[in-house]
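Colleague: I would like a close look at one residue close to the start of this chain, and then at how that part sits in the rest of the model. Please keep to what can be read from the atoms.

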Amino acid sequence: MANKISDETIEYVGILAKLELSGQEKEYAKADMEKMLDYIDTLNELDTDGIEPMSHVFPVKNVFREDIVTNGDGSKETLANAPLEKDQSFKVPKTIG
């Protein structure tokens, strides 16, 4: 393990994450963080020259479409069934004192 995490770093991360860690949990967290950093170092050893960065594994283009209403919202038909109506909304008796 080339990466060493200090006790102060674990304390600081615990404060940021709003966690109260016991001594044993701090040791586990320190070991896990060291393993993660070692793995990142391993990934950094890979030769990625000439490889185009990507944000998705599939060749997805812009999947958004224009939001066009084709069938209406049916509010007039819905309000036709309302016993009371005000400002294009249902009017109901006040329930909170």
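Modeller: The answer starts with Asn-3 and then moves outward to the chain as a whole. Please bear in mind throughout that this is a predicted model.

Asn-3 lies in the segment that comes before helix 1, which covers residues 7-16. Is Asn-3 buried or exposed? Its relative accessible area is 18%, and the cut-off for buried is under 20%, so Asn-3 counts as buried. Buried residues make up 8% of the 97 residues in the protein chain.

What does the side chain of Asn-3 contact? One polar contact, of 2.8 Å, goes to the side chain of Asp-38. Another polar contact, also 2.8 Å, joins the side chain of Asn-3 to that of Asp-41. Leaving aside residues up to four places away in sequence, Asn-3 touches Glu-34, Leu-37, Asp-38 and Asp-41. Asp-38 and Asp-41 thus appear both among the residues touched and as polar partners, Asp-38 in one pair and Asp-41 in the other. Helix 2 runs over residues 23-44.

A second point of reference is Leu-79. The C-alpha atoms of Asn-3 and Leu-79 are separated by 66 Å, with these positions 76 residues apart along the chain. Helix 3 covers residues 75-79.

That separation leads to the overall form. The protein chain has 3 helices and 2 strands, and in sequence order they follow the pattern α-α-α-β-β. The radius of gyration is 29 Å, well over the 13 Å that the globule rule gives for 97 residues, so the protein chain is more spread out than a compact globule. Along its principal axes, the C-alpha trace spans about 75 × 50 × 15 Å. The accessible surface of the protein chain is about 9500 Å², and carbon and sulfur atoms account for 56% of it.

Part of the surface is a nonpolar patch formed by Met-54, Val-57, Phe-58, Val-60, Val-63 and Phe-64, with about 740 Å² of accessible area together. One of these residues, Val-57, is found in the loop between helix 2 and helix 3. Val-57 has a relative accessibility of 61%, and because exposed means over 50%, Val-57 counts as exposed.

Two other loops each hold a residue with a backbone angle to note. Lys-18, in the loop between helix 1 and helix 2, has a positive phi of about 55 degrees although it is not a glycine. Lys-18 is exposed, at 73% relative accessibility. Asp-87 sits in the loop between strand 1 (85-86) and strand 2 (89-90). Its phi is near 50 degrees, again a positive value in a residue other than glycine. Asp-87 is exposed, with a relative accessible area of 65%.

To return to the request: Asn-3 is buried, and its side chain makes polar contacts with the side chains of Asp-38 and Asp-41.

Note on methods
Residues are numbered from 1 along each chain as its sequence is written. This is a predicted model: local features need pLDDT of at least 70, side-chain atom pairs count only at pLDDT 80 or more; totals for chains, interfaces and linings use all residues. Side-chain values use heavy atoms; hydrogens and water are left out. Helices (H or I, at least four residues) and strands (E, at least two) are DSSP runs, numbered from the N terminus. Buried means under 20% relative accessible area, exposed over 50%, partly exposed in between (1.4 Å probe, protein chains only). A polar contact is a pair of N or O atoms within 3.5 Å; within protein, one must be able to donate a hydrogen and the other to accept it, and residues adjacent in sequence count only if both atoms are side-chain atoms. Contact means heavy atoms within 4.5 Å. Patches are made of residues with over 30% relative accessible area and no salt bridge: like charges are joined within 9 Å, nonpolar side chains (Val, Leu, Ile, Met, Phe, Trp, Tyr) within 5 Å. Accessible areas come from the Shrake-Rupley method with a 1.4 Å probe; for residues, only the protein chains shown count as cover. A salt bridge is a side-chain nitrogen of Lys or Arg within 4 Å of a carboxyl oxygen of Asp or Glu. The radius of gyration is taken over C-alpha atoms; the globule rule is 2.2 Å times the number of residues to the power 0.38.
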